[in-house]
Every structure is written in structure tokens, then in C-alpha cells.
Amino acid sequence: MKYKAAIFDMDGTILDTSADLTSALNYAFEQTGHRHDFTVEDIKNFFGSGVVVAVTRALAYEAGSSRESLVAFGTKDEQIPEAVTQTEVNRVLEVFKPYYADHCQIKTGPFPGILDLMKNLRQKGVKLAVVSKSQTKPSRSWSKNFSLPASTLPWVKEAGSAANLLLT
């Protein structure tokens, strides 16, 4: 079977954002009086369902939730500890978002081999698309560096907000 198209996610599939996310989360947690020694392995358990869920997961982990239980956060099966309040999630986000926006390109870059894979697919006639829910600097600059026009498609949705589809 010959594939006619391939769709990739930008953050975490094409771009390895884990080190910059770890630094930003630790900074935000330190500034708000929380534990601030998370590792890249820790944050891989937090991110993947949006920044609100990530901060909620990190606060829950700090409050004693197991890594295994974090996957349910953001679903109907979530069991958020009482110590984790929406007020505290918002307080951490107020620090995290601007800090990450200003520091998200320090260690972020393409995963090894991904650009060659995409180049090879294009040479074989496969249409490529890159989806990103994120409007971070890495996503915007990466798409600009590789001349990927962005358009918002209403049918590509997650958590009620349109994702961006970058067509190549």
C-alpha cells in the first residue's frame, strides 16, 4: 500500500521541547513556592494534553499522586488531589507561560532523523502536514524556517481550540 499523506505533530514529535519545558516548569514552580527539581523524565509524564493539564499533573505529583495516575488527568477518570486547586494551577501558569515564551528555543530542536524522514517522504510524493495546537516560538519559527504556510482548520480540534495545520 502506498501512502499518499502523512501528518505529524510539531511539539514532541518533530521538535524535542522537553528540556525547555523542564526548565520553564521548574522556574514557574520555584517562583510560586513549589518543588522545582523536576527532570525531563518527570515532565514527559506531565505534558501531552496541553499546558493546563501539565501543570495540574505536576502539582498532583508534588502532592503525592503516582506517575501512573497522571495519565487520567484531563479525562473523566481524573482524581485530582484536594491540595491541587484551579487557583494554584492558574498562579503557576501566570509565571510559566511568559517564561516559556521567552525561553522556549534554548534547547529545543528537531529530533534526530525527523527532517531526513520528512524530506524522503516528500521526495517519494507523499503529501506532508504538520499539526500544532501550540503557538510557541519554536512552532512558529520552525514553520517559517521551512516555509510551511499555516492555516487554521476548524475540524482539527482539541480541548475546544483549533489546532494549526502547516501544509508542505
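Okay, let's start with a word we'll need: a residue is buried if its relative accessible area is under 20%, exposed if that area is over 50%, and partly exposed in between, using a 1.4 Å probe and protein chains only. The other bit of vocabulary is that helices (H or I, at least four residues) and strands (E, at least two) are DSSP runs, numbered from the N terminus.

What you see above is a predicted model, where local features need pLDDT of at least 70, side-chain atom pairs count only at pLDDT 80 or more, and totals for chains, interfaces and linings use all residues. Residues are numbered from 1 along each chain as its sequence is written, and side-chain values use heavy atoms, with hydrogens and water left out.

So, the overview. The protein chain has seven helices and six strands, and from the N terminus on they run β-β-α-α-α-α-α-β-α-β-α-β-β. There are 168 residues, and 39% of them count as buried.

How far can we trust it? pLDDT is the predictor's confidence in each residue, from 0 to 100. The protein chain averages 82, and 78% of the residues score at least 70. Confidence is highest in α1, at 97, and lowest in strand β5 (residues 150–158), at a mean of 38. Over residues 146–163 the pLDDT stays under 50. Where pLDDT is low, the predicted coordinates should not be read in detail.

Now the good part, helix α1, residues 18–31. Its 14 residues reach 20 Å from the first C-alpha to the last, close to the 20 Å expected; the expected span is 1.5 Å times one less than the number of residues. Its buried residues include Leu21, Ala24, Leu25 and Phe29. Among the things covering the buried residues of α1 are α3 (51–62) and α5 (86–103), where contact means heavy atoms within 4.5 Å. Just after α1, Gly33 takes a positive phi of about 80°.

Next up is α3. Why do I call α3 largely enclosed by the rest of the structure? Because nine of its 12 residues are buried. Val53, Leu59 and Tyr61 are among them, and the cover includes α1, α2, α4 (67–70) and α5. The end C-alpha atoms of α3 are 16 Å apart, which agrees with the 16 Å it should span. After α3 comes Gly64, with a positive phi near 110°.

On to the rings. Rings of Phe, Tyr and Trp (its six-membered ring) pair if their centres lie within 6.5 Å; planes under 30 degrees apart are stacked, over 60 edge-to-face, and the rest tilted. The count comes to six aromatic pairs. One of these is Phe38 with Phe46, edge-to-face at 5.2 Å centre to centre and 90° between the planes. Both Phe38 and Phe46 are buried. Ring pairs also link Phe29, Phe38, Phe46 and Tyr61 into a cluster, so look for those four in the picture.

Two last residues. Asp42 is in helix α2 and is buried, with a relative accessible area of 5%. Leaving aside neighbours within four places in sequence, Asp42 is in contact with Arg35, Asp37, Tyr61 and Arg67.

And His103, in helix α5: buried or partly exposed? It's partly exposed, at 28%. The C-alpha atoms of His103 and Ala24 are separated by 7.4 Å, though the two sit 79 residues apart along the chain.
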